[in-house]
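Here are some short exercises to work through with the structure beside you. Try each task yourself before you read its solution.

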Amino acid sequence: MKETLIRVADYMTEHHQPIRCGTPINEVVERLIHDHLTGLPVVDEHKRVIGFVSEQDCVKQALEGSYYCNQNARVNEVMQKEVLTVSPNDDIIDVAQRIINHQPKIYPVVEDEKLVGIITRSDILRALTKHSTQCY
């Protein structure tokens, strides 16, 4: 019996706008809160992923900013520059195994070096749960 490929493209979210390089941290925080996300990819003017900013990065900056009275930080000063990404054609099973090993909560989905969406742990759980109920 052949296993069915569960593609990232079928469960990823495309409607979240990425954070642009140079965005002030206070705007990043507003977006994360508004969109109920724990982080977002940071892109350049060509939609290439150049970093990832998380709630944790923002909390750290907020603490440092309040201590040093520096509230003017930009996302490129606090973002993580090494980003794990996936392809829209990747199998959800493979991505789930990567999450177990690397533990990111959100993966940017990249095709032809450009951001096309994001996939979260919740999206992956939804896919795995839907697929497991089809096996019975």
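**Warm-up: the whole chain**

In the protein chain, residues 24 or more positions apart account for 56% of the contacts with a separation of 6 or more. Keep in mind that this is a predicted model.

**Exercise 1.** Find out how many helices and strands the protein chain has, and in what order the elements run.

*Solution.* Step 1: count the elements; there are five helices and five strands. Step 2: start at the N terminus and read along the chain, which gives β-α-β-β-α-α-α-β-β-α. Step 3: add the burial figure, which is 40% of the 136 residues.

**Exercise 2.** Work out which strands pair with strand 2, and in which sense.

*Solution.* Step 1: look at strand 1 (residues 19–20), which pairs with strand 2 in the parallel sense over two bridges. Here Arg20 stands opposite Val43 of strand 2. Step 2: turn to strand 3 (residues 49–54), which runs antiparallel to strand 2 and is joined to it by five bridges. In this pairing, Gly39 has Ser54 as its bridge partner. Step 3: follow the hairpin of strand 2 and strand 3, with five residues between the strands; there Lys47 takes a positive phi near 65 degrees.

**Exercise 3.** Explain why strand 2 can be called largely enclosed by the rest of the structure.

*Solution.* Step 1: recall the cut-off, since a residue is buried when its relative accessible area is under 20%. Step 2: apply it to residues 39–43; five of the five are buried, so strand 2 is largely enclosed by the rest of the structure.

**Exercise 4.** Decide whether Asp44 is buried or exposed, and describe its surroundings.

*Solution.* Step 1: locate Asp44 in the loop between strand 2 and strand 3. Step 2: check its relative accessible area, which is 11%, so Asp44 is buried. Step 3: look for a polar partner; a polar atom of the Asp44 side chain lies 2.8 Å from the backbone nitrogen of His46. Step 4: leave aside neighbours within four places in sequence, and you find Asp44 in contact with Arg20 and Ile50.

**Exercise 5.** Identify the residues that touch the most other members of the largest nonpolar core, and the elements that supply it.

*Solution.* Step 1: among its 16 residues, Ile19, Val28, Val53 and Val75 touch the most other members. Step 2: helix 1 (25–35), strand 2, strand 3 and helix 3 (75–78) each supply at least two residues of this core. Helix 1 gives the largest share, three residues. Step 3: note a second, separate core of 14 residues, including Val86 and Ile119.

How values were computed
Residues are numbered from 1 along each chain as its sequence is written. This is a predicted model: local features need pLDDT of at least 70, side-chain atom pairs count only at pLDDT 80 or more; totals for chains, interfaces and linings use all residues. Side-chain values use heavy atoms; hydrogens and water are left out. Buried means under 20% relative accessible area, exposed over 50%, partly exposed in between (1.4 Å probe, protein chains only). Helices (H or I, at least four residues) and strands (E, at least two) are DSSP runs, numbered from the N terminus. Two strands pair if DSSP finds at least two bridges between them. A nonpolar core is a set of buried Ala, Val, Leu, Ile, Met, Phe, Trp, Tyr and Cys residues joined through side-chain atoms within 4.5 Å. A polar contact is a pair of N or O atoms within 3.5 Å; within protein, one must be able to donate a hydrogen and the other to accept it, and residues adjacent in sequence count only if both atoms are side-chain atoms. Contact means heavy atoms within 4.5 Å.
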